[in-house]
Amino acid sequence: MPGFAYETTPWQIREDLPNAYRAEWQKLAQPGAWWTGAERVAIAEEVRRAQGCALCIERRQALSPFSVDGEHDHAEASRLSDVAIDTVHRLVTDASRLSRTWVEKLAAQGVSDGHYVELLGVVVVVISIDSFNRGLGLQLEPLPEPEEGTPTGHRPLGLEHVTAWVPMIQAGKAQGEDADLFPGGPQTANVIRALSLVPDAVRSLKNVSAAQYVPTWAVGDPSYSEGRALDRAQIELVAGRVSALNECFY
């Protein structure tokens with residue numbers, strides 16, 4: 001799976017970017033903790049379809065995102081349930097208007113908190129990588145062929161349901177096979193711990209973030225801009241503007 005060949009573009013692309021993307025495409029095709037490889041690729045397909053979905057456009061214009069019912073534009077014979085498809089589309093197109101009540105009701109409809117967090121992790125990775133290509137005016141990378149296998153059902157130790165809509169590993173409590181997640185210890189930001197119900201989703205977030213932004217261990221260092229064309233102040237200005245445009249309430 002070489003993929004992500006940027007050699008012919010007019011721009012000089014740092015090698016760590018395609019390397020990170022290739023690693024995530026490989027993981028995307030594999031079974032995760034709660035979804036099979038085929039289901040994870042199906043989630044990625046819906047990420048791309050959501051952005052032109054007629055129902056999502058209508059919902060965005062409504063006063064309440066829960067006042068409009070209908071059927072999403074989705075892949076034929078999708079492996080995902082209607083609830084899972086709706087979850088992907090809402091995350092992609094109307095994330096700022098989601099609610100704790102909506103998340104809590106998903107479990108009764110077959111999308112457990114583990115399924116939800118892993119699905120969200122796939123959404124984040126695919127949007128981040130696709131946005132890179134779109135920003136350069138390039139075609140999107142073809143999605144990988146899914147691999148066979150069964151989800152692990154791994155639920156990490158140290159989870160607590162305190163500050164977020166889903167359980168997270170509390171600062172300083174990552175342990176066992178997941179002890180690598182937060183090398184910064186108790187100073188780890190909530191935004192990094194948000195996906196920790198699915199440790200591999202955190203690892204993917206850190207991998208892509210390290211290439212597109214800065215490594216998590218360097219976030220607190222205002223002078224860090226190693227290998228970047230922009231200095232840290234310029235990086236933060238761009239990041240802040242993108243967050244505002246995306247209506248990020250965090």
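## Helix H4, end to end

Let's start with helix H4, which covers residues 82-93. At 1.5 Å a residue, its twelve residues should span 16 Å, and the C-alpha atoms at its ends are indeed 16 Å apart, so expectation and model agree. Keep in mind that this is a predicted model.

How much of H4 is buried? Ten of its twelve residues are, so the helix is largely enclosed by the rest of the structure. The buried ones are Ala84, Ile85, Asp86, Thr87, Val88, His89, Arg90, Leu91, Val92 and Thr93. And what do they pack against? Their partners are H2, helix H3 (54-61), helix H5 (100-106) and helix H6 (113-135).

## Where H1 meets H2

H2, one of those partners of H4, also pairs up with helix H1. H1 takes in residues 16-28 and H2 residues 37-50; their axes come within 8 Å and cross at roughly 120°. An angle from 65 to 115 degrees would have counted as roughly perpendicular, and one over 145 as roughly antiparallel, so these two helices are oblique to each other.

Which residues do the touching? On the H1 side you'll find Trp25, Lys27 and Leu28, and on the H2 side Gly37, Arg40, Val41, Ala44 and Arg48. Sorted by type, the residues of this contact come out as four nonpolar, one polar and three charged.

## Two cysteines, no bond

A disulfide is a covalent bond between the sulfur atoms of two cysteines. How many does this structure hold? Zero.

Take Cys53: the closest cysteine sulfur is in Cys56, 3.7 Å away, and that is too far for a bond, because a disulfide needs the two sulfur atoms within 2.5 Å. Seen from the other end, Cys56 is in no disulfide either, with the sulfur of Cys53 as its nearest cysteine sulfur.

Are these two cysteines buried or exposed? Cys53 counts as buried, at 0% relative accessibility. Cys56 is buried too, with a relative accessible area of 4%.

## Gly153, far along the chain

Our last stop is Gly153, which sits in the loop between H6 and strand E1 (159-160). With a relative accessibility of 35%, Gly153 counts as partly exposed, because that value lies between the 20% limit for buried and the 50% limit for exposed.

Gly153 and Trp35 are 118 residues apart in sequence, yet their C-alpha atoms are 8.8 Å apart in space. Which residues does Gly153 touch? Leaving aside residues up to four places away in sequence, they are Ala33 and Trp34.

Note on methods
Residues numbered from 1 in each chain as written. Predicted model: local features only at pLDDT ≥ 70, side-chain atom pairs only at ≥ 80, totals over all residues. Heavy atoms only, no water. Axes fitted to C-alpha atoms, helices over the stretch in contact; angles between N-to-C directions. Helix = DSSP H or I, 4+ residues; strand = E, 2+ residues; numbered from the N terminus. Parallel < 35°, antiparallel > 145°, perpendicular 65-115°, else oblique. Contact = heavy atoms within 4.5 Å. Nonpolar A, V, L, I, M, F, W, Y, C, P; charged D, E, K, R; others polar. Buried < 20%, exposed > 50% of the residue type's maximum accessible area, 1.4 Å probe, protein only. Expected span 1.5 Å × (residues − 1).
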